[in-house]
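Biologist: Please take one part of this model and look at it closely, namely the contacts made by charged side chains, and then set the aromatic side chains beside them. I would like one connected account rather than a list.

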Amino acid sequence: MQEIKIPHHGRKIDGSMYRPEGDGRFPIVIFSHGFNGHQSDFGHITTLLADNGIGSICYNFCGGGLRDTSGFSTTKMSLLTERDDLFAVLDEVRYWDWVDADHIYLFGASQGGMVSALVAEKREEQIKAMMLLYPAFCIADDWQKRFPTKEDVPEQIVLWDVPLGRTYFDAVRNFRIDEQTGKFTRPVLIMHGTEDGVVPIAYSEQAAGRYSDARLEVFPGEGHGFTPDGDKRVAEMVLDFVRKQEEG
C-alpha cells in the first residue's frame, strides 16, 4: 500500500494505492466512498483483491466528508465536484506502469455510486465494468422534493453533521436520473439491501432496467450500510465479478 496525492482543479485528492505482488500489469478497481465516507471504508475488499492479483485505489472526495484533509470545504462539494475528482483519479491510474489500462473497474457506494455512474456515462471506453453498492440514485429526487424552487434553498444546511452549501443543491436542480444514467453498455453489478431506509431499493431495480447489461443482487434484511456478513458477501461478490470479466 502506498499513500498518494492527485492534484486537479486547484485541490488535491488523498488516496491509497494497493498493488498486488509480482511483475507485470494488473487490473485495478477504483473505490469511491459515500456521503461523509472515507477511503478506509473498503479495506476488507482491497486486501482480498490484492491477494488475488487485482489492484485498487481508494481515495477521499475533496470536501466529501468530515475526515477529508484536502482543505476543500464541504460547502463547496457537489455531485459535479465529486465527478471531477473521479475523472482525475481515472486519468491518473490509467498511466501507472503496473496498471492494465484496458482493465479498469469502478466501484461506488451510495453517493459514490451515483458519482461512479455519472463518470461511466462519459468515459465508457476507459472502464471495463462497474459495481454499485446501494447507489444513491435518489439524491436529486429527494432534494427537489425538499426544496421545490430555487428560492427555497438555504445558503447552508447541515446534513448528518456535514455542512452543505447551495452548490450541492444547484447541481441537482434540474437533474433527472433516467436522463443522466443508463447509457453505459458494459457490465454493471448493483448490490442493494431490502431494508435500506435511505435509498429505496426501487431505485436500483429501475437502474438495472435502464442498463443493457446489469445484474441486481438483493441483500435480504440489509440496510444502508451492511452488517459484517453483508460486507463479506460484497467483497466475495466483487472478486467474483472482476474475475469473470477478466476471464471473459
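Modeller: In this predicted model, D240 forms a salt bridge with K244, and the closest N and O atoms of the two are 3.3 Å apart. Both D240 and K244 belong to helix α8, which spans residues 228-247, and they are 4 residues apart there, about one turn of the helix. D240 has a relative accessible area of 33%, so it counts as partly exposed.

Elsewhere, salt bridges with shared partners join R176, D178 and E179 into one network. Within that network, the side chains of R176 and E179 meet at 3.5 Å, N to O. R176 is partly exposed at 46% relative accessibility, and E179 is likewise partly exposed, with a relative accessible area of 48%.

The salt bridge between D14 and K5, at 2.4 Å from N to O, brings together two side chains in contrasting settings: D14 is buried, because its relative accessible area of 9% is under 20%, whereas K5 counts as exposed, because its 54% is over 50%. These bridges are among the 12 salt bridges that the structure holds.

Charged groups also meet aromatic rings. The charged end of R11 sits over the ring of F72, 4.7 Å from the ring centre, while R233 lies over the face of F219, at 3.9 Å from the centre of that ring.

Turning to the aromatic side chains themselves, the structure holds 14 aromatic pairs. One of them is formed by F35 and W160, an edge-to-face pair with 5.7 Å from centre to centre and 70° between the planes. This pair links distant parts of the chain, 125 residues apart, since F35 is in the loop between β3 (26-32) and α1 (43-51) and W160 is in the loop between β7 (156-159) and β8 (162-165). F35 is buried at 14% relative accessibility, but W160 is exposed, with a relative accessible area of 52%. The pair of W96 and W98 is stacked, because the planes of the two rings lie at 25° with the centres 5.9 Å apart. W96 is buried, with a relative accessible area of 12%, and W98 also counts as buried, at 3%. In addition, W143, F147, Y168 and F169 form one aromatic cluster.

Definitions and conventions:
Residues are numbered from 1 along each chain as its sequence is written. This is a predicted model: local features need pLDDT of at least 70, side-chain atom pairs count only at pLDDT 80 or more; totals for chains, interfaces and linings use all residues. Side-chain values use heavy atoms; hydrogens and water are left out. Rings of Phe, Tyr and Trp (its six-membered ring) pair if their centres lie within 6.5 Å; planes under 30 degrees apart count as stacked, over 60 as edge-to-face and the rest as tilted. Helices (H or I, at least four residues) and strands (E, at least two) are DSSP runs, numbered from the N terminus. Buried means under 20% relative accessible area, exposed over 50%, partly exposed in between (1.4 Å probe, protein chains only). A charge sits over a ring if NZ of Lys or CZ of Arg is within 6 Å of the ring centre and within 35 degrees of the ring normal. A salt bridge is a side-chain nitrogen of Lys or Arg within 4 Å of a carboxyl oxygen of Asp or Glu.
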